[in-house]
Amino acid sequence: MPTRPRLLSLGGRVRFDGREHTVAALHGTSVRQVEDAQAASVVLLGHLLA
């Protein structure tokens with residue numbers, strides 16, 4: 001079974017709230033992510049990883 005990378009970086013793909021997002025910016029504990037439909041959102045890192 002392949003393991004997922006444990007590194008969050010710009011351009012990385014994450015699944016959040018049931019949808020795929022691209023990490024657009026990292027600032028402290030905030031992560032700006034962009035959905036494929038180009039809708040941007042900011043989420044706290046702890047919430048994203050939970």
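What radius of gyration would a compact globule with 50 residues have, and what value does the protein chain have? For a compact globule of 50 residues, a radius of gyration near 10 Å would be expected, and the protein chain, with 11 Å, agrees with this expectation. The C-alpha trace of the protein chain spans about 30 × 25 × 20 Å along its principal axes.

The model is predicted. The mean pLDDT of the protein chain is 88, and 90% of the residues reach 70 or more. Among the helix and strands, confidence is highest in strand 3, at a mean of 95, and lowest in helix 1 (residues 45-49), at 88. Where pLDDT is low, the predicted coordinates should not be read in detail.

The protein chain contains four strands and one helix. Their order along the sequence is β-β-β-β-α. Of the contacts with a separation of 6 or more, 9% are accounted for by residues 24 or more positions apart.

Surface and charge were also computed. The accessible surface of the protein chain amounts to about 4,100 Å², and carbon and sulfur atoms contribute 57% of that area. Of the 50 residues, 20% count as buried. The protein chain carries 6 positive and 4 negative charges, and the mean positions of these two groups lie 7 Å apart.

Two residues illustrate opposite situations with respect to the surface. Q33 is located in strand 3 (residues 30-35). Because its relative accessible area is 0%, and a residue under 20% counts as buried, Q33 is assigned to the buried class. When residues up to four places away in sequence are left out, Q33 touches V14, F16, H21, T22, A24, A39, A40, S41, V43 and L48. Of these partners, L48 falls within the residue range of helix 1 (residues 45-49).

T29, by contrast, is placed in the loop between strand 2 (19-27) and strand 3. The relative accessible area of T29 is 53%, and the limit for exposed residues is over 50%, so T29 is classed as exposed. Exposure does not exclude contacts: T29 touches V43, L44 and L45, again without counting residues up to four places away in sequence. One of these partners, L44, is 15 residues from T29 along the chain, yet the C-alpha atoms of T29 and L44 are separated by 5.7 Å. V43 is listed among the contacts of T29 and also among those of Q33.

Conventions: Residues are numbered from 1 along each chain as its sequence is written. This is a predicted model: local features need pLDDT of at least 70, side-chain atom pairs count only at pLDDT 80 or more; totals for chains, interfaces and linings use all residues. Side-chain values use heavy atoms; hydrogens and water are left out. Helices (H or I, at least four residues) and strands (E, at least two) are DSSP runs, numbered from the N terminus. Buried means under 20% relative accessible area, exposed over 50%, partly exposed in between (1.4 Å probe, protein chains only). Contact means heavy atoms within 4.5 Å. pLDDT is the predictor's confidence in each residue, from 0 to 100. The radius of gyration is taken over C-alpha atoms; the globule rule is 2.2 Å times the number of residues to the power 0.38. Accessible areas come from the Shrake-Rupley method with a 1.4 Å probe; for residues, only the protein chains shown count as cover. Lys and Arg count as positive and Asp and Glu as negative; His and the chain ends are not counted. The place of a charge is taken as NZ of Lys, CZ of Arg, CG of Asp or CD of Glu.
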